[in-house]
Amino acid sequence: MAGKKNARSEPAAAPATTATSTPSAKAPLTPTKNPIPIPTPAQPKAVAAQGGWAQVFQNLYDYYLSETPQRTKLLDVFLLFLVLVGALQFLYCILAGNYPFNAFLSGFCGTVGQFVLTISLRIQTTEANKADFPKVSPERAFADYVVCSLILHFFCVNFIN
Amino acid sequence: MRSLLSLAVLAAASVVSAVSVTGNRLLVVLDDVAEKESYSKLFGSLADRGFDITYDTPRSEDLQLFHLGERTYDHIVFLPTKVKALGPKLTPQILLDFVNAAGNIMVALSATTPASTSTVAFLAELGISLPQERTGLVVDHFNYDTVSASEKHDTLVLHNSKPVRYDMWDVFSLRDDEFLALPHTVGHTLGAGELLTPILRAPSTAYSYNPKEQTEAVDPDDLFAAGQQLALASAFQARNSARVTVLGSAEMLQDKWFDTKVAVEGGSKVSTKNAEFAKTLTGWTFQELGVLRVEEIEHRLKDSNETNPEIYRIKNEVHYQISLSEYRWDAWVPFNANPNDPPQLEVSMLSPFHRLNLAPEEHSATDRTRTYSTDLILPDQHGIFNLRVNYKRPFYTYVDEKCTVSVRHMAHDEWPRSFVISGAWPWISGIGATVSGFVMFCAIWVYSKPAAPLVKKTQ
């Protein structure tokens with residue numbers, strides 16, 4: 001356990017020096033694989049210095065597509081959708097005012113709450129975090145997620161009146 | 001024959017009933033009971049109006065204003081008396097108690113007789129001051145009667161065509177060509193009390209002096225009052241609507257001044273209107289005029305038939321109406337308020353949230369009341385509110401009516417639904433998008449391949 005944590009923290013510290021957002025996205029992925037992938041993301045960085053940012057993002061994207069399980073991709077798409085819906089609601093609130101306020105709270109908080117729950121599901125089902133939740137199977141996590149979401153929807157629909 | 005007889009009885013009954021709303025027992029305090037002969041027309045008029053008149057002197061042993069804590073008279077008239085004080089039965093305190101017990105008092109003074117100390121003290125309690133030495137004479141070298149006082153100028157000839165303030169009831173006003181004669185008048189000045197109203201003020205050229213001491217000239221330092229600050233007749237209406245009037249000239253009530261002809265300098269002789277003025281003054285003092293009565297108060301939710309509910313909701317539309325009638329000599333008639341100064345409704349909790357004019361409603365000629373009403377929207381504040389009409393005007397008895405109602409807040413199901421408000425539709429659709437996105441996500445999740453656990457196991 002301790003050894004794993006060390007293994008994780010080391011590569012995380014190294015990319016942090018590059019001060020880009022990309023390494024932090026990669027960091028959780030690295031320990032799932034063998035130590036071998038670590039050089040893989042490290043190499044594009046050296047290339048990026050020469051080949052530009054486009055190369056960095058292209059590599060990230062390729063790596064994400066190849067190494068991410070399909071369910072996690074689905075989760076990320078849903079998260080993106082929720083961010084979009086939340087941003088639209090907030091934009092509308094800024095432009096058109098917050099009357100009726102309970103409707104705004106209910107709609108916006110519903111989306112944010114769904115986002116939080118989905119993030120939780122993503123954390124619990126990611127293989128990399130398996131060790132943190134030894135008793136939570138993906139099925140159990142999904143069931144929790146559905147129940148909590150239904151409670152959230154029930155509350156929001158009531159509150160919007 | 002019989003119908004004629006009953007008609008006569010009815011007429012007699014109506015004559016008898018033509019009396020003040022507060023009672024008909026009138027006490028006249030004068031120096032000598034025989035003196036009443038010179039006021040016979042005044043007292044005859046009062047007796048005709050149904051007053052039960054008792055004449056007495058301050059020296060009388062069995063004179064009593066209260067018996068077992070109740071008033072024994074409803075009204076008192078004080079005519080000038082030569083006594084220095086009115087004695088133990090008519091002390092200023094007893095007179096004040098009489099006013100507090102809703103008795104009405106009319107005080108007539110004269111320059112020929114100093115006012116008694118009791119009268120001076122009693123009037124001082126009300127904020128009415130009399131000249132030094134309890135006597136004084138008002139003269140005016142421009143508005144005097146050339147017939148009777150061409151030398152001394154001490155009979156004032158006045159016309160009282162306008163009330164003191166333009167928005168007051170002009171009950172004591174005369175036409176421009178009608179005159180009052182005031183012989184041997186004592187002037188008085190009024191304090192700042194809001195219950196005091198001058199009825200008749202001296203013209204701007206009049207002044208008051210003491211004929212015994214200031215025979216040659218009046219030192220400005222010793223001048224009591226001059227011009228319009230001298231009141232010749234004044235009214236005081238206490239908070240319980242009891243009335244006190246002070247008249248500077250008792251002689252103007254005497255018979256001989258009711259029908260003499262007077263003339264101002266350069267004018268022709270005209271007969272005085274003293275009789276009419278005396279009738280109005282006594283009628284007003286003894287509550288035959290200007291007595292207001294609240295007949296009915298009704299408030300209800302608009303479009304509801306339930307009257308005077310105890311509870312309303314904030315921002316309810318409420319209809320309020322109050323019926324007022326006015327006693328005029330012998331009957332209750334509809335009260336017509338000055339249209340520029342109508343009664344107002346206050347919706348108050350500690351302080352008024354609304355103060356609204358009440359508009360008179362249409363009424364038929366047979367009505368005995370006039371209804372004033374308004375529609376209002378209750379304030380956006382819950383709590384205990386008073387619907388109050390506080391109508392206090394000079395020469396009218398006071399109206400102060402409160403209806404206490406509770407105003408509750410909105411119940412949780414009385415708010416408009418969000419889907420009724422178009423502004424909420426984007427957020428409703430936001431929830432819709434979130435929920436449907438969730439359902440689709442779950443469906444795809446269930447049918448999607450789980451992450452390969454084998455890889456994990458090998459690790």
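Here are some worked exercises on a predicted model with chains A and B.

**Exercise 1. Getting a feel for chain A**

Work out how many helices and strands chain A has, and how much of chain A is buried.

*Solution.*
- Step 1: Count the elements. Chain A has eight helices and zero strands.
- Step 2: Read them along the sequence. The pattern comes out as α-α-α-α-α-α-α-α.
- Step 3: Check burial. Of the 161 residues in chain A, 32% are buried.
- Step 4: Look at the contacts with a sequence separation of 6 or more. In chain A, 62% of these come from residues 24 or more positions apart.

**Exercise 2. Two neighbours for one helix**

Take H6(A), residues 70-96, and find how its axis runs against H7(A), residues 101-125. Then do the same for H6(A) and H7(B), residues 425-447.

*Solution.*
- Step 1: Start inside chain A. The axes of H6(A) and H7(A) come within 9 Å and cross at roughly 160°.
- Step 2: Turn the angle into an orientation. Angles over 145 degrees count as roughly antiparallel, so H6(A) and H7(A) are roughly antiparallel to each other.
- Step 3: Add the hand. The crossing of H6(A) and H7(A) is left-handed.
- Step 4: See who touches whom. H6(A) brings residues including Leu75(A), Phe78(A), Leu82(A) and Gln89(A), while H7(A) brings, among others, Phe104(A), Phe108(A), Phe115(A) and Arg122(A).
- Step 5: Sort them by class. The contact of H6(A) with H7(A) has 13 nonpolar, eight polar and two charged residues.
- Step 6: Now cross over to chain B. The axes of H6(A) and H7(B) come within 10 Å and cross at roughly 180°. That makes H6(A) roughly antiparallel to H7(B) too.
- Step 7: Pick out the partners. On H6(A) they include Leu75(A), Phe78(A), Leu82(A) and Tyr92(A), and on H7(B) they include Trp427(B), Phe438(B), Phe441(B) and Trp445(B).
- Step 8: Sort again. The contact of H6(A) with H7(B) has 16 nonpolar, four polar and one charged residues.

**Exercise 3. The buried side of H2(B)**

Find which residues of helix H2(B), residues 40-48, are buried, and explain why they end up on one side.

*Solution.*
- Step 1: List the buried ones. They are Leu42(B), Phe43(B) and Leu46(B).
- Step 2: Look down the axis. These residues cover an arc of only 90°, which puts them on the same side of H2(B).
- Step 3: Recall the helix geometry. An α-helix has 3.6 residues a turn, so residues three or four places apart point the same way.
- Step 4: Ask what that side packs against. The partners in chain B are strands E1 (25-29) and E2 (52-56) plus helices H5 (255-258) and H6 (274-285).
- Step 5: Step off the end of the helix. Just after H2(B), Gly50(B) takes a positive phi of about 100°.

**Exercise 4. Two strand residues in chain B**

Decide whether Met106(B) and Asp52(B) are buried or partly exposed, and find what each touches.

*Solution.*
- Step 1: Place Met106(B). You'll find Met106(B) in strand E6, residues 104-108.
- Step 2: Use the cut-off. Buried means under 20% relative accessible area, and Met106(B), at 1%, is buried.
- Step 3: Check its surroundings. Leaving out residues up to four places away in sequence, Met106(B) touches a set including Ile76(B), Phe78(B), Leu253(B), Leu281(B) and Phe286(B).
- Step 4: Now Asp52(B), which lies in strand E2. With a relative accessible area of 44%, Asp52(B) is partly exposed.
- Step 5: Find its contacts. With the same sequence neighbours left out, Asp52(B) touches Asn24(B), Arg25(B) and Leu26(B).
- Step 6: Measure along and across. Asp52(B) and Arg25(B) are 27 residues apart along the chain, with their C-alpha atoms separated by 5.0 Å.

**Exercise 5. Backbone oddities**

Identify what kind of peptide bond joins Tyr99(A) and Pro100(A), and what sign phi has at Glu133(B) and Asp303(B).

*Solution.*
- Step 1: Set the background. Most residues other than glycine have a negative phi, and most peptide bonds are trans.
- Step 2: Check the proline. The bond between Tyr99(A) and Pro100(A) is cis, with omega about -10°. Pro100(A) sits in the loop between H6 and H7 of chain A.
- Step 3: Check Glu133(B). Its phi is positive, about 60°, although Glu133(B) is not a glycine. Glu133(B) is in the loop between strands E7 (128-129) and E8 (137-140) of chain B, and is partly exposed at 49% relative accessible area.
- Step 4: Check Asp303(B). Here too phi is positive, about 60°. Asp303(B) lies in the loop between strands E18 (289-301) and E19 (311-313) of chain B, and is exposed at 79%.

Terms used. Residues are numbered from 1 along each chain as its sequence is written. Chains are lettered from A and ligands numbered from 1 in the order in which they are written. This is a predicted model: local features need pLDDT of at least 70, side-chain atom pairs count only at pLDDT 80 or more; totals for chains, interfaces and linings use all residues. Side-chain values use heavy atoms; hydrogens and water are left out. Buried means under 20% relative accessible area, exposed over 50%, partly exposed in between (1.4 Å probe, protein chains only). Helices (H or I, at least four residues) and strands (E, at least two) are DSSP runs, numbered from the N terminus. The arc is that of the directions from the helix axis to the C-beta atoms. Contact means heavy atoms within 4.5 Å. Axes are lines fitted to C-alpha atoms, for helices over the stretch in contact, and angles run from 0 to 180 degrees between N-to-C directions. Angles under 35 degrees count as roughly parallel, over 145 as roughly antiparallel, 65 to 115 as roughly perpendicular and the rest as oblique. A crossing is left-handed if the near helix is turned anticlockwise from the far one by less than a right angle, and right-handed if clockwise. Ala, Val, Leu, Ile, Met, Phe, Trp, Tyr, Cys and Pro count as nonpolar, Asp, Glu, Lys and Arg as charged, and the others, Gly among them, as polar.
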